[in-house]
Each structure stands twice: as structure tokens, then as C-alpha cells.
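Reader: I am new to this structure. Could you go through the terms used for it, and the grounds for each?

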Amino acid sequence: MSATKVLLVDDEAEFASALAERLQMRGYDAKAVYSADEGFESISRDAPDVILMDLNMPGIKGIEALKTVKLVHPAIEVIILSGLGSEETATEGLRNGAFDYVVKPVEIEDLVIKIDQAKEKKDRK
Amino acid sequence: MKLRPFIDFLKSVITFRPMDTGADFAEMRYKGLKRTLVFWMSVLTIVPLLVLFTASYYWLQALFHEESRHELAWDIENAKNQIEYFVDVKISALRFLASGHRYDQLSDQQLLARIFAAFKREFGAVVDLGLIDKHGIQQSYTGPYNLQGKDYANQEWFHKAVTRGIYVSDVFLGYRRLPHFAIAVKQDEPDTDTFWILRATIDMETLNRLLSSIKLDDADDAFIISRSGTLQTSSQHHGDVLEQYAVPALLRQRGITILDLKDDAGRPYVFGYAFIKDTSWILSVVEKSGTRTKIAAVFRAEYFAVIAVIVFLILLAAFRMVHVMVNWIRESEEKREEVLREVEHATKLASIGRLAAGVSHEINNPLAIINEKAGLMKDILMLSENNVDREKFLRSVNGILDSVKRARTITHQLLGFARRMDVTPEVLDINDVLTEVVGFLQKETLFRDVQVKQNLGADLPRVKSNRGRLQQVFLNIINNAMDAMEAGGRIEIITDLKDKSTVRARIRDSGRGMDAQTLKHIFDPFFTTKGMTKGTGLGLFISYGIIKKLGGNILVQSEVDKGTTFTVELPVDQPVPTIA
């Protein structure tokens, strides 16, 4: 079984790159991009299994990006990386098809469990 | 006399200083307010009353005075009438004698003696009787003295009797040194164009008796004077008969006159007088005792006693009313201040909450980066087994990760306080929530050997609230209670109805309690007594925020070494009336 492909979309580059690296160490095929546009580009090139996505990014509105992803690639599961105090947005994300959300700073163990669950769900489809 | 302190006191009483701060000052202010109110209430009620009483008093006194003058005038008139009657009777009797007898008959000494005897028997008080011819010679005389042949031609009384027809003399001392007066009646002989005079001497004793009919006190006097001021009767205090009395100017000759005069020493007295008909006498009464106004003195004592009682009652009522009123004011002011303090506190907490939320949000992103970087470092260390300082690095990285975790707990809680709750309020039973919370903590209480006693009110109305949030609050309070106690402690949970719109839950522990200083900061953020490792100091801060958002109230009472009671008050659900 090939490694789960994870795409991290977060404008906080330091955070995203470090998290991606840690996921790679745990055997995931993780890649970090730093804007929604880059994200779309990456998805169109190589669709991931799971997307970790911050909804509060400059440029395109996070929720719109989520909707677009789910519309174009309904199979890909999206886990929202929520900032503190933006649980409302996260809840809205869940209503718009996100798999789950985690609040930053994240516990890597929790995140890993959620990614696996998302992958499982995707595989069941 | 030092007036200054008195004036200062009056000023302090009359003027009320407006509000300032400080408990001592407030106490002084209420005392000042009491003084001012009592003063003005007393002044405003007592002064008009006293004016009224004084006016009535003078009016009544004038009435009494007038009444006593009337009484005196009445007595004088009585005595005057009696004296006039007495004199009149004597004159009439003499005239009767004169007209009933001829000159030659009366010249008969023996007949005159018989007539005198009858006269004395019938009218009394007559000393002698004599017949005087037109030349003034006493032709016949009967009486105790030998006055036959006495020549009166040059005496004043003879001339007055001749010209007036009737003459009543002033008093004189007879040969026996007793006061007498004489009555002379002229009888004309129409045939011979001549005249003669019948003269009788009357004892003054009877007049003295008549004077005593005037009601007088020891200090008073009643006597008769002549127009020239010679005393005609003896007096108590104004000299003996025939002595001179300093008569005030007597203007009115008719009727009875009462004068208010002052003696040489300036003491007031009443002088009443009346002229006696057919004589030169003036009946005089000097009243110095004020006997007639004594009834006024008794009345005055009662009057002042009544005023004193009324004033006392007014003062009593004023004190009582002011006391009650000022207490009302004090209570409402204290209540207002408490509400203001509460509002201020709530506002302060709310702004702290907003600030904290903002800060937390900003801190959270770098925190996330630190977390990932440190996590990455840890991952790398875990993989590289040959690093000499691996253990040392791992310890440091774990330290960083733990700190991030702690920081995250704080930022999460802070945000939890400030975040608007988008939960829909539900109607629930507060007893259920408490029972659940106690259920959660069952293991913990067993472990800590804490006894939890539930005293939950039956049939409490349901409250509109949020189960999760309420659980959070009660968990926090009960956890705090357990932290404050040694093993074997006791927690009592009581629910009841505070009033018809408020349900109340009280959580009372037997812990070590808190002092006033701690109590003051109990709901402040980052305030903890547990030490940095055990508590964040946000639990009660957040609980406070939750209860306020639920429309309730959270209160705390505590006493060192006695324990602490937290009270949570929640509004009852107001059921919408169903449409029939």
C-alpha cells in the first residue's frame, strides 16, 4: 500500500513546512504549499488523498476554496486547520463537506489519527 | 459667651453637604443628614405650633384679664349700690321725719328723744339727731353729747345744706374719736318763708361692713375716699381714716371705672372706682394680688404642660421618621453602589476578556510554529540514535513541547471566555446538571475522601441555560472546593428557589476559606492560589463569564478556616403562555 498523500495548504510557511516534514517522517507523502492558488495547482497536478487546509488565508476566501475542492474533487477529504477563535468557520467548513477540523497548535498524534480516518473514509468510497 | 461653636454647629445642621467617598465619611454624612432633617422637621412643625400657642396664650390671657375686670366692676357696682342705698335710706328717713313734724314739735327735747329712739331702732347706726334753726343754732339735740345751743352758722356744711337742701358730710372724728358722717336735710316752712335743718350723725361702721362685700385678697384694699383724697374709711394698706391717699386722676364720674396702673416701684395694679351719689365719696378698690388672675396661672401651667408634651411627641416622631427615612436612603445608596461596583467589575472582566482573546489569537500562530518546529526536532532526535547529546536535546525539546501545551491551554481557555456562545439555550433542570457533575467526580471524591452531600430542592422550576456550560462551571467550583480541602472534607450542594424568577445553587465547602483580599480578586483572570503548576487562574474567570452570559449571577462568600460558599443564580424559564 502506497503512502497516504497529504497536501498542506497554509500561508504560515514555517508551520506548514515543519508539519509536512514531521508527517513525512511518519511515513506520509506530505507536501506543503503556502497559498490556495498553489494548492489548486498542486491538486490538479497530483491529487492528494487528504488536504490539510487553513481557512483563514489571504487572497481567496478559505470556505470558497473548500467548496471548490469538494466540487472538483469530491473524493479528496479535507481536514481544516483551524486557528483559535475561528471554530465557527470550522463548523461552517464541516457543513460544506470537510471531514473534520483540528485546532492549532496541533498534537501530531491526534492529527495522524484524523488523517488515517480520512484516508480510510476516502478508500471506502 | 462663646457663640462661634454654636454657630458652627447650627451651620452644620442647617446645610447638608453632598456626597463624598469613604465609609467613615458616608457614616458622618448620614449622621449629618439625620441632624439636618430632624432640625428642619422640628423647626417646620414646632415653630408654627409655638406661634399659634403663643398667640392663643396672649388671647386667652387678655380674655382672663377682661373677665377679671368685669368681675371687679361687678363687685364695685354692688358695693356702690349698697352704700348708696344705705345713705339714701337715711336721707329718706330724715326727710320723712322733717316733713312729718313741725318745727315746734321737734324743738321739744323730749319728743326729739322719742323720735331718735324710734329712728335708731328702725334704721340703726345713728349716733345723734339735732334740729338747727335758720341761724345755724342747734335748737334741740338728742345724742351722747351735750350739743344743745351749738352755733353752726359759720360751718361749711350748714351753708351747703342750706343751698343744696340735702347734705352728706365727709367723715370726721366725733368727740369719742370714732369716725362719723353727718346727713343734714333742709325743711322749708312755706307759710313763714323760713327754714330749719334736721341733722343726724351716722356711724361709719356699717359702711366698713358694706365694703367687705367686695371679694379681695390680703394684698388688696377697698376703701372710700373723699374727692380731695382723704380716706373716709380705714384701709388695709393705704392708711387709716382721715389720712390722705394719693388719688390717681379720676376722669369719669359716672359708672364704674377700672384702670391698669403702676405703683412707684413699677408693679402693675388695678384701680377701680365709682362715685357715690349724693356724697363727695369715691368708692375705691386697689387690687395688687392678681387673685382674679390666679385661675389663669393654673391654666397656664396646664397649657405649658400640654405644649411640652406635644413638642416632645413631635420631636420623637421627627427622630423616628428621620431615622427610618435615612436608613432607607442609606440602603438604597448602598444597593446602588453595590450594583455600580458589580457593573464596573463585569465591564472590567469583559474588556480583559476581549484583550486576552486578541492576545491569545496573535500568540497562537507563533505557538503553532514553535510546536511544529520543536516536534520536528524531537522527531529527528528520535531517529538519530548516534547523537551524543540526544538525551539532553530530547529533554529540552520535551520541555518546549510541554510549555507549548501549557500555553495552549491558557490561550484556549481565554478564548473560551471571550467567545460568543453560538449554542442555543435549552430548558433544563439544575438538579440534573448537578447530579451529573457529582457523578463525574465520584471517583475523585472517593480518592480524596471528600463527602458530598446533596440537598436538592424538589419541584424547582426549570432554567433556560446550557448544559455543557453549566457543567463546566459546577465542575470548576467543585474542583476548587476539593482543592481547598484536606482529606475528610465535606461539600454540601443545595438548590432552592431564591425568588419566583431565580433558581439558586449553593456549593458550600468546609475548606480553608479565603481572606477578603483573595475574595476581591477571585474572578480576576490569572488569579490563582494553587501555584502556577496546578492552576491557570482562569477557571473562575471563565465560570463568571459563562454565568453572566447565561443571564445569571455568581457570588462567593468565604471565611478563613470556615469554608467557602459559591452561589450560582440562574433565571427560570418563563414559559410562553399557551393559546387556548
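The exchange below takes up the sheets of chains A and B and the helices beside them.

Author: One caution comes before the terms: this is a predicted model.

Reader: What pattern does chain A follow along its sequence?

Author: Chain A follows β-α-β-α-β-α-β-α-β-α. The chain has 5 helices and 5 strands.

Reader: What makes a residue of chain A count as buried, and what percentage of the chain is buried?

Author: A residue is buried if 20 or more other C-beta atoms lie within 10 Å of its own. In chain A, buried residues make up 46% of the 125 residues.

Reader: How are the strands of the chain A sheet ordered?

Author: The order is E2-E1-E3-E4-E5, in an open sheet of 5 strands with parallel pairing.

Reader: Why are strands E2 and E5 of chain A said to stand at the edges?

Author: Strand E2 (29–33) and strand E5 (100–103) of chain A each have a single partner strand, so one side of each is left without a neighbour in the sheet. Neighbouring strands of this sheet are turned by 20° against each other on average, direction ignored.

Reader: How do you know that E1 and E3 of chain A pair?

Author: Two strands pair if DSSP finds at least two bridges between them. Strand E1 (residues 5–9) and strand E3 (residues 50–54) of chain A have 4 bridges, in the parallel sense, so by that cut-off they pair. A:Val9 has A:Met53 in E3(A) as its bridge partner.

Reader: Which helices lie across E1 and E2 of chain A?

Author: Helix H1 (residues 13–25) of chain A does, running at about 175° to E2(A). Helix H2 (residues 36–45) of chain A does as well, at about 160° to E1(A).

Reader: What kind of pairing does the chain B sheet with the order E12-E14-E15-E17-E16 have?

Author: The pairing in this open sheet of 5 strands is mixed. Its edges are strand E12 (451–456) and strand E16 (553–559) of chain B, each with a single partner strand, so one side of each lacks a neighbour in the sheet. Here neighbouring strands are turned by 15° against each other on average, direction ignored.

Reader: In what sense do E14 and E15 of chain B pair?

Author: Strand E14 (residues 490–499) and strand E15 (residues 502–509) of chain B pair in the antiparallel sense over 8 bridges. B:Thr495 stands opposite B:Ala505 in E15(B). Helix H11 (residues 467–483) of chain B lies across E14, E15 and strand E17 (563–571), running at about 25° to E15(B).

Notes: Residues numbered from 1 in each chain as written. Chains lettered and ligands numbered in written order. Predicted model: local features only at pLDDT ≥ 70, side-chain atom pairs only at ≥ 80, totals over all residues. Helix = DSSP H or I, 4+ residues; strand = E, 2+ residues; numbered from the N terminus. Buried ≥ 20, exposed ≤ 12 C-beta atoms within 10 Å, placed from the backbone. Axes fitted to C-alpha atoms, helices over the stretch in contact; angles between N-to-C directions. Contact = placed C-beta atoms within 7 Å.
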